[in-house]
Amino acid sequence: MKRIHFNEVATRDGFQIEPTFIPTDTKVALIDALSRCGYAKIEATSFTSPKAIPMLRDAEEVMGRIQRVPGVEYTVLVPNVRGAERAIEARADELNLVMSVSETHNLANLRMPRERSFASLAEVVRLVDGRTPINVSLSCCFGCPMEGDVPAGEVLRWARRFVDLGVRGLTLCDTTGMAHPAQVAHLVEALQRELPGPQLTLHFHNTRGMGLANVLAAVQGGIVRFDGSLGGLGGCPYAPGASGNISSEDAIHMLEAMGYDTGVDLPALLAVARQMPQIVGHEVPGQVAKAGRITDLHAAPPFVAELREKFA
Ligand code: COA
Ligand code: ZN
């Protein structure tokens, strides 16, 4: 059975766009519950400017209070050197650096041109000097909501620059759900052919209903690592029109049904997913938590037994 590794991003990508502050106690309890579900990785929070992302201003406290479960990597999003220093102080297992392959989105989200972001992130890699693994999330790899098409060559160019710095992994992010399956197949083939070394993760948003189709295209193209967000929450506050990530439980349910091993205890995860509407104070898009698994069957109506007898 092929192993697929899931990174749960609900408390980072999921929460960062929520309008009402979620208390630190709730975040810690949620991460602790997720830690017991079998994830490979949990992106717990981000060490960004509290003015840019007020929801995650409690990053130190969250990282200090969660129970670290052996085998689970606790990663955090980092936009600059200041964020990296905070993340290392908080004993993050991995730094997930972020920049956009779209110049316009990088200016909107990180307030600087891509070259400045790259220089700042290259400085982080030098500072860390191999002591903590580094992943780089590249936003808008499948299109930018302001610029439109992003050529595959542009994604490869930025990916190669980070690989040359020696990072452990790259995440290709479809920040506003613009990817379609044929494009995913093409880009993952090109990335794996040109840059076979680093761990490659795919990060999809379901903004236009193509999320799980894109997961399937990526899996069929050999990808074994995905980001997902419990309940399908999520979105970048600085990308116009952004909405939820693929729902982790829906993606895991699909892959398990197809015979893949995600390592995740799906009934336990669904129990946590069912708490999400209460945590965020509104309905969430995830479907399997509402519908139940395909193996959760219903009793037939009583007249079916009578009809069976009648037609026996
Ligand atoms: N952690 C905490 N504070 C930080 C910080 C960090 N990593 N980086 C900068 N700051 C603070 C500075 O100290 C400064 O504070 P002050 O106004 O009290 O002096 C303020 O933020 C602005 O600093 P500056 O360096 O001018 O940053 P900026 O305004 O150009 O913003 C970023 C740049 C990257 C820090 C900010 O845009 C950011 O955090 N963006 C995150 C975006 C994000 O997470 N998007 C969603 C995920 S894709
Ligand atoms: Zn995202």
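Reader: What phi does Gly222 take?
Author: In this predicted model, local features need pLDDT of at least 70 and side-chain atom pairs pLDDT 80 or more, while totals for chains, interfaces and linings use all residues. Residues are numbered from 1 along each chain as written, chains are lettered from A and ligands numbered from 1 in written order, and side-chain values use heavy atoms, without hydrogens and water. Gly222 follows just after H9 (helices are DSSP H or I runs of at least four residues, strands E runs of at least two, numbered from the N terminus). Its phi is positive, about 100 degrees.

Reader: Which residues of H9 are buried?
Author: Buried means under 20% relative accessible area, exposed over 50%, partly exposed in between (1.4 Å probe, protein chains only). In H9 the buried residues are Gly211, Asn214, Val215, Ala217, Ala218 and Val219.

Reader: Which elements do the buried residues of H9 pack against?
Author: Packing here rests on contact, heavy atoms within 4.5 Å. The partners of the buried H9 residues are strand E6 (169-174), helix H8 (181-194), E7, strand E8 (225-228) and helix H10 (248-257).

Reader: Which residues coordinate the zinc ion (ligand 2)?
Author: Along the chain its donors follow the spacing D-x189-H-x1-H. At 2.0 to 2.2 Å, the zinc ion is coordinated by Asp13 (OD), His203 (NE2) and His205 (NE2).

Reader: How many residues apart are Asp13 and His205?
Author: Asp13 lies in helix H1 (residues 10-16), whereas His205 lies in the loop between strand E7 (199-204) and helix H9 (211-220). The pair links distant parts of the chain, at a separation in residues of 192.

Reader: Is Asp13 buried or exposed?
Author: The relative accessible area of Asp13 is 3%. Asp13 therefore counts as buried.

Notes:
Donors = N, O, S within 2.8 Å, 3.2 Å for Na, K, Ca; no water.
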